[in-house]
Amino acid sequence: ALSSVDRLEHFELARVEHAGHQCVVQYRGSIMPQVFVGEGGNLAAGSDESGRMPVVVVQQTGRSIGIVVRRIVDIVEDEAISTA
């Protein structure tokens, strides 16, 4: 839900670290895990032409999680319509 979105960020690829099998970024005094949407979790495929990766920062149970997307176009608020 849009209410879970905290910020839209762009991180330099050089800031990405590896903790085990997970990519993480130091963010606001803590370690934030990165989840890749599409591209099979390929770090290079998640970056734009400038070597930065667009990230949607969401709050999940009091922690920040970064969702790496191909690009951020715009953000709009809409209601989900149930067909059930």
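Rings of Phe, Tyr and Trp (its six-membered ring) pair if their centres lie within 6.5 Å, and planes over 60 degrees apart count as edge-to-face. The exercises below use a predicted model.

**Exercise 1. Count the aromatic pairs and classify the geometry.**

Step 1. Apply the centre-distance rule. The count is one aromatic pair.

Step 2. Identify the rings. They belong to Phe 11 and Tyr 27, with centres 5.7 Å apart.

Step 3. Check the planes. They stand at 85°, so the Phe 11–Tyr 27 pair is edge-to-face.

Step 4. Place the partners. Phe 11 sits in strand 1 and Tyr 27 in strand 3, so the pair links parts 16 residues apart in sequence.

Step 5. Check burial. Phe 11 and Tyr 27 are both buried.

**Exercise 2. Work out the sheet: its strand order and its edges.**

Step 1. Read the order. The sheet is open, has six strands and runs 1-5-6-4-3-2. Its pairing is mixed.

Step 2. Find the edges. Strand 1 (5-12) and strand 2 (16-19) each have a single partner strand, so one side of each lacks a neighbour in the sheet.

Step 3. Add the twist. From one strand to the next it averages 40°.

Step 4. Zoom in on one pairing. Strand 2 and strand 3 (residues 22-27) run antiparallel and are joined by four bridges. Across this pairing, His 18 stands opposite Cys 23 of strand 3.

**Exercise 3. List the largest nonpolar core and find its main contributors.**

Step 1. Collect the members. There are 11 residues, among them Phe 11, Val 16, Cys 23, Val 25 and Tyr 27. Met 32, Phe 36, Met 53, Val 55, Val 57 and Val 68 also belong to this core.

Step 2. Assign elements. Strand 3, strand 4 (30-36) and strand 5 (52-60) give two or more residues to the core.

Step 3. Follow one member. Leaving aside neighbours within four places in sequence, Val 55 touches Phe 11 and Val 68. Its contacts also include Arg 7, Leu 8, Glu 9, Gln 34, Gly 66, Ile 67 and Ile 72.

Step 4. Relate this to a general trend. In soluble globular proteins, nonpolar side chains tend to be buried together.

**Exercise 4. Find the salt bridge and decide how each partner is exposed.**

Step 1. Search the whole structure. One salt bridge turns up.

Step 2. Name the partners. The side chains of Arg 7 and Glu 9 meet at 2.7 Å, N to O.

Step 3. Test Arg 7. Its relative accessibility is 35%, so Arg 7 counts as partly exposed.

Step 4. Test Glu 9. Buried means under 20%. Glu 9 has a relative accessible area of 16%, so Glu 9 is buried.

Definitions and conventions:
Residues numbered from 1 in each chain as written. Predicted model: local features only at pLDDT ≥ 70, side-chain atom pairs only at ≥ 80, totals over all residues. Heavy atoms only, no water. Salt bridge = Lys/Arg side-chain N within 4 Å of Asp/Glu carboxyl O. Buried < 20%, exposed > 50% of the residue type's maximum accessible area, 1.4 Å probe, protein only. Pairing = 2+ DSSP bridges. Axes fitted to C-alpha atoms, helices over the stretch in contact; angles between N-to-C directions. Phe/Tyr/Trp six-rings, centres within 6.5 Å; stacked < 30°, edge-to-face > 60°. Core = buried A, V, L, I, M, F, W, Y, C linked by side-chain atoms within 4.5 Å. Contact = heavy atoms within 4.5 Å.
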